[in-house]
Amino acid sequence: MVRGRWHTYRHGSSQKWRSQSRNFNVIILPPDPSHHKSILHTDRARFRSMAITFAGGVILGADSRTTTGAYIANRVTDKLTRVSDTIWCCRSGSAADTQAVADIVSYHLGMYATMEGKQPTVGVAAGLFQEICYANKEQLSAGIIIAGHHPSHGGSVYSIPLGGSLHRQSYAIGGSGSTYIYGYCDSYWKENMSEADGIGFVKGALREAIKWDGSSGGVIRMVVLTDKGAKRLLFLPDQGYEGPGDK
Amino acid sequence: MNHLPQAWGRPRNAILGAYNPSILQPSGPKAHTTSPIVTGTSVLAVKFKDGVVIAADNLASYGSLARFTDVKRLRTFNRRTVVGFGGDVSDMQYLDRLLLSLDIEENYGSSGHDLNALNLHTYLAKVMYKRRSDINPLWNQLLVAGLDGLDQPFLSSVDLLGTTFSSPTLATGFGAHLAQPLLRKVVDDEAKVGSVTREQATNAVRECMKVLFYRDARSLDKYSIAVITKDGVELKEDEELENQSWAFAEMIKGYGTQTV
């Protein structure tokens, strides 16, 4: 355990939080030699995942495949991870790494809510993710998209690629299959879409990525985060991704 | 199996030390196939009492990219034998041309006897072994399915090393790990082939194609399936998987403690 460095958060709040962060402990994960050579197959999530802002909040979407090499270790993975009630994240890269990081952030956000008596903003969550990903950049293989809704700020999306940098965007795509949909997303993206249009955009983009990326398939999972809370959606491949939706 | 040249015919590295790659230096501009580029995945086949069922999906992958989705990896020969190709697609196309020229040659001065599946398999085995011995393999594993000289069901494999083997059920690639156990439940012994019906064999193959689509990250849900009997070859090239199981995904939430 080492002391974490203090980062200035644009969305940081009270003095109390600052002093807490000074003692913020970052866990340096022990170097794992098997992780970077491909001798042992690590559970890599060959992800296609994305998050978008829309008029009412944010929508996260992901496929459901985790592979070890060409073997599909899990065909119904849930890559949309809750770190707080209205802040979720899409995990791509090493499944083990991203699960560990998400668990840590989830713990700290719970502590924040208890100590501050209010919900953390999405920026706070994104900052926590960044602290961990950046400080441990040599050992981690994690690409994370954070998306959430906050009553004061509406919906926001942040992207943390491999190096541990933090980028706020109106929509973010990530994972290996995302390379196939940069053009698609760039062409079809519109700011402030309705929920239905937003769902259509995410579904269309993920379908294209699934179609081309051999490491893909499975179901499409989505989570819609608005002032009403979190709503899960599911679309199955053998129903042409039309349903069951939110049933 | 480790198909890379440095592993052929030698004991494990722990016994002999690491392979010395300086032996493999190419001398001159000749290009030898060292790794497959555009590849096809599994091929499966099962013998039944009147013939053989063989199937392969319609995908050619470029690494992890699902590049070509209309590739027919089951090729008929002589209207009586079907060869299923897994592995490099350019080598598959070369073999296709080779078999075509063989067919043309055989039709000259033929005494009315066509090459049957057994003959074709022997020919292919010799071609594959010759290429292997030139350290320039055709990077494929082939299943040859049809009838032999006595009109009995014939099914045999030949691969990039020239290794051949035969069995009532065969599968290449991922199929060897995932599909073979399922196919062997239907017919696990040559003696049982005589009691397997066409429907049993076809259903087993279709179920295995579904399992492979679930678990092989380089597979497709569209496939070709052929049934060879003494009446000829019945080849269907645009089959789609039916009755997939995905609805249970709704019950999966998170990865450990998450409940929403």
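Arg79(B) is exposed, with a relative accessible area of 70%, and in this predicted model the residue sits in the loop that joins β6 (74–77) to β7 (81–88) of chain B. The backbone of Arg79(B) also deserves a look, since its phi is near 60°, a positive value in a residue other than glycine.

A residue with a similar backbone feature occurs in the other chain. Tyr241(A) has a positive phi of about 60° although it is not a glycine, and it belongs to the loop between β15 and β16 of chain A. In contrast to the exposed Arg79(B), Tyr241(A) has a relative accessibility of 9% and therefore counts as buried, the limit for that class being under 20%. Further along chain A, the peptide bond that leads from Gly243(A) to Pro244(A) is cis, with omega near 0°, and Pro244(A) itself is part of strand β16, which covers residues 244–245 of chain A.

Taken as a whole, chain A contains 6 helices and 16 strands. Of its 247 residues, 54% count as buried, while its accessible surface comes to about 10600 Å², with 51% of that area belonging to carbon and sulfur atoms. Among the contacts in chain A with a separation of 6 or more, 60% are made by residues 24 or more positions apart.

Where the two chains meet, 36 residues of chain A are in contact with 25 residues of chain B. Together the chains bury about 2600 Å² between them, and 54% of this area lies on carbon and sulfur atoms. The rule finds 0 salt bridges across this interface, whereas it does find 11 residue pairs in polar contact there, both partners being at pLDDT 80 or more. On the side of chain A that touches chain B, the elements that give two or more residues are β7 (71–74), β8 (80–84), β9 (87–94), α3 (95–116), α6 (195–212) and β15 (229–235), and of these β7(A) gives the most, with 4 residues. By class, this side of chain A has 15 nonpolar, 8 polar and 13 charged residues.

Although no salt bridge is found across the interface of chain A and chain B, the count over all chains comes to 18. In chain A, Arg82(A) forms a salt bridge with Asp85(A), the closest N and O atoms being 2.4 Å apart, and Arg82(A) is partly exposed, with a relative accessible area of 28%. Chain A also holds a network of salt bridges that links Arg48(A), Asp63(A), Lys79(A) and Asp213(A).

In chain B, Arg75(B) pairs with Asp96(B) in a salt bridge whose closest N and O atoms are 2.9 Å apart. This pair links distant parts of the chain, with Arg75(B) in strand β6 and Asp96(B) in helix α2 (residues 89–107), 21 residues apart; Asp96(B) counts as partly exposed at 28% relative accessibility. Another salt bridge joins Lys192(B) to Asp188(B), with 2.8 Å between the closest N and O atoms, and here Lys192(B) is partly exposed at 39%, as is Asp188(B) at 49%.

A last stop in chain B is Gln141(B), located in strand β8 (residues 140–147). Its relative accessibility is 18%, so Gln141(B) counts as buried, and its side chain makes a polar contact of 3.3 Å with the side chain of Ser157(B). Leaving aside neighbours within four places in sequence, Gln141(B) is in contact with several residues, including Gly84(B), Phe85(B), Val158(B), Phe165(B) and Thr172(B).

Notes: Residues are numbered from 1 along each chain as its sequence is written. Chains are lettered from A and ligands numbered from 1 in the order in which they are written. Side-chain values use heavy atoms; hydrogens and water are left out. Contact means heavy atoms within 4.5 Å. Buried area is the accessible area (1.4 Å probe) that two parts lose on being put together, summed over both. A salt bridge is a side-chain nitrogen of Lys or Arg within 4 Å of a carboxyl oxygen of Asp or Glu. A polar contact is a pair of N or O atoms within 3.5 Å; within protein, one must be able to donate a hydrogen and the other to accept it, and residues adjacent in sequence count only if both atoms are side-chain atoms. Ala, Val, Leu, Ile, Met, Phe, Trp, Tyr, Cys and Pro count as nonpolar, Asp, Glu, Lys and Arg as charged, and the others, Gly among them, as polar. Buried means under 20% relative accessible area, exposed over 50%, partly exposed in between (1.4 Å probe, protein chains only). Accessible areas come from the Shrake-Rupley method with a 1.4 Å probe; for residues, only the protein chains shown count as cover.
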